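Morning, everyone. Let me put the structure up, and then I'll walk you through it piece by piece.

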Amino acid sequence: MATVSLRALRKSYGPNEVIHGVSCEIADGELVVVVGPSGCGKSTLLRMVAGLEEITRGEIAIGGRIVNDIEAKDRDIAMVFQNYALYPHMTVGANMAYGLKMRGVPRAEIDARVGRAAATLQLDGLLDRKPRQLSGGQRQRVAMGRAIVRDPQVFLFDEPLSNLDAKLRGQMRVEIRRLQQSLGTTAIYVTHDQVEAMTLADRLIVMNAGVAEQVGTPLELYERPATLFVAGFIGSPAMNFVTAVPAAEDGWLEIDDDTRLRPPPDRAPLPPGRKLTLGIRPEHLTLAGGIAPLTVAVELVEMLGADTIVHGRLGNGTLLLARLPGTARVKPGDRAPLGIDPARLHVFDQETGKRL
Amino acid sequence: MTRRRIDWLPHLILLLGVGIVAFPIYVTLVASTLPVAEIEHGPMPLVPGTQALQSYRDALFMGSTNLRSGAVVSGMLLNSLVMALVIAVGKIAISIISAYAVVFFRFPLRMVFFWMIFVTLMLPVEVRIMPTYKVVADLGMVDTYWGLTIPLIASATATLLFRQFFLTVPDELVEAAQIDGAGPLRFFWDTVLPLSRTNIAALFVILFIYGWNQYLWPLLVTNSASMTTIVIGIKTLLGGADAQTEWNIVMATTVLAMLPPIAVVLLMQRWFVKGLVESEK
């Protein structure tokens, strides 16, 4: 059990800086998910914590001990890899025992610990099998078992579910969360899948191009995304972005000649004439009767049963997705009037991409 | 009708092929069981004779008038066996270690070393044989097992093969071992070596036969009868113009010379098949 501190971490390969100063304090027992598109530096960040990549600048402390110059094996961490990285020639039992054997743990204790981990992960009958005789989900469990027998201070997960099919992924996600909570071990989890990130995380670090765009709880990120990137990344279907300009006379947000939205309440007036990007979540749009602020020409309708996703275009050609109840009856070719609660509008500066 | 012809034609071709390969071996076997006179005053019968036991016993333990005194086939077989084993094991040991270094470690001039190994592929034994002989002679290793084997041990081919295999080992496996606390030697011993088993077996077969069939180098570096290898022995058994050739002994020796490579292939076959089935790493 330990806290993990990332302090102004930077990583360069030669003159190329790929991580530009990431900081985060991770509490004991917390599960922090690092999420972002591929190439954003999230895996590099994790590998720096693991001790597999050198830290160019900044500090990492695990349990208060600065580990910059400590080797991976002495950092008291355990890592689960995307392709599991099981030793192919060893049995499941030997795979889980290997790390303990290297540390000179007595045979009897190794057996007891492996037995306990196998029971927790429902691997009891499989200890004598070789990894290639197992299914993807079972291999994933063995990789988890190898991590938990070590009883480390921190678990590191590098996209552990990417190689599983969708159904198994959902199942394993729940299992990982339950396991991590019952063990109470601090964990850092890297993924590119925002749904996985939202469901697992106590807190998220959203990374983009080597920068931590925002750190916060899933709800904070959903409700108050700090930047356009975070706004677009979190939530499915993704947030709609519409360009608007606050009017000088009343502060209303003008999208085009006939479309004006009331600005969000309880906030400082927006600078008139400044180009803004409005963020509208598809699930916050409602089908309004009569005159509604946003009228779209419907192009495509996805009936999902519980929900109906409507793809429509505003008068100025901007594409808008709306997630309506399954009972909504909308056909392609219709003109659908959509309403939005002004309190749920997100306003960003178009130039800086920052929330206003 | 056409269907039938298609059926027997490939069989005929295959039988012909087998016949061409197998017939000389059959003749060798038969000849080794006949008395000399029957072979020399042909046509040689194609049915085995009754002299088998005597021919093989003579070949193995008595030697032949054409051999240098003291040389018997059993001794030559032993020499060849030692040579082939030391070369095969030595080549594998050296090349697996060098490939491990080149693939898994970052050290200065790594690629230079790799290319130096690679370039030696362009220098076959025959090209460097005189300087090599000079070195071996100066070291006083003529007529020793050391002289016979050490110069043939360095192997670029095996190093390259192992390198190609090691490159397919996923990085994550190396990192998992690192986190598990296995140092480089441990990782080599516990993971790389077991994973290379089938490659080692395949190379062992090839290199054993390579070592067994060496002719030019043993011819240069051995002088005494007690160091002669079997391949050279066969040549010596075929007497000169004035000496009589004991064909039954020659044939028996040839058969004996074939046995160890065949044994190695048969023993290692199991591993080959295993290697093919267990393709997944």
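I'll go through sheets, a strand trio, a helix pair and the chain contact.

Before anything else, a caution. This is a predicted model. Keep that in mind throughout.

Start with the four-stranded sheet in chain A. The sheet is open, and its order is β2-β1-β4-β5. The pairing is antiparallel. Which strands sit at the edges? They are β2, residues 16–26, and β5, residues 65–66, both of chain A. Each of these pairs on one side only.

Now look inside that sheet. Strand β1 of chain A covers residues 4–13, and β4 of chain A covers residues 57–62. Five bridges join the two, and they run antiparallel. Here is one pair to find on screen. A:Arg7 stands opposite A:Glu59 in β4(A). A helix also packs on this sheet: α1 of chain A, residues 42–50. Helix α1 touches β1, β2 and β4 of chain A. Its direction makes about 115° with that of β1(A).

Next, strand β9 of chain A, residues 203–208. How many of its six residues are buried? Five of them are, so to speak of β9(A) as mostly covered is fair by the WHAT-counts-as-buried rule of 20 or more other C-beta atoms within 10 Å. Strand β9(A) has two partners to look at. One is β3 of chain A, residues 31–35, which pairs with β9(A) in the parallel sense over four bridges. The other is β10 of chain A, residues 211–216, joined to β9(A) by five bridges and running antiparallel.

A:Leu204 lets you see both pairings. A:Leu204 is the bridge partner of A:Val33. A:Leu204 also has a bridge partner in β10(A), namely A:Gly216. Then there is the turn. The hairpin of β9(A) and β10(A) has two residues between the strands. In that hairpin, A:Ala209 takes a positive phi near 50°.

On to the five-stranded sheet, again in chain A. The order is β15-β19-β16-β17-β18. This sheet is open, with antiparallel pairing. Its edge strands are β15, residues 285–287, and β18, residues 319–325. The twist averages 50° from one strand to the next. At the β15 edge, β15(A) pairs with β19(A), residues 335–340, over three bridges in the antiparallel sense. There, A:Leu285 has A:Ile340 as its bridge partner.

Now the helix pair. Helix α3 of chain A spans residues 107–120. The axes of α2(A) and α3(A) come within 10 Å and cross at roughly 130°. Why call α2(A) oblique to α3(A)? Because that angle is neither over 145 degrees, which would be roughly antiparallel, nor within 65 to 115, which would be roughly perpendicular. The crossing is right-handed.

Who makes the contact? From α2(A), the residues are A:Gly93, A:Met96, A:Ala97, A:Leu100 and A:Lys101. From α3(A), they are A:Ile110, A:Arg113, A:Val114 and A:Ala117. By class, that gives six nonpolar, one polar and two charged.

Last stop, where the chains meet. The contact takes 18 residues from chain A and 16 residues from chain B. On the chain A side, β6, residues 77–80, and α2, residues 92–102, each supply at least two residues. That side of chain A has 12 nonpolar, three polar and three charged residues.

How values were computed
Residues are numbered from 1 along each chain as its sequence is written. Chains are lettered from A and ligands numbered from 1 in the order in which they are written. This is a predicted model: local features need pLDDT of at least 70, side-chain atom pairs count only at pLDDT 80 or more; totals for chains, interfaces and linings use all residues. Two residues are in contact if their C-beta atoms, placed from the backbone, lie within 7 Å. Ala, Val, Leu, Ile, Met, Phe, Trp, Tyr, Cys and Pro count as nonpolar, Asp, Glu, Lys and Arg as charged, and the others, Gly among them, as polar. Two strands pair if DSSP finds at least two bridges between them. Axes are lines fitted to C-alpha atoms, for helices over the stretch in contact, and angles run from 0 to 180 degrees between N-to-C directions. A residue is buried if 20 or more other C-beta atoms lie within 10 Å of its own, exposed if 12 or fewer, and partly exposed in between; C-beta atoms are placed from the backbone. Angles under 35 degrees count as roughly parallel, over 145 as roughly antiparallel, 65 to 115 as roughly perpendicular and the rest as oblique. A crossing is left-handed if the near helix is turned anticlockwise from the far one by less than a right angle, and right-handed if clockwise.
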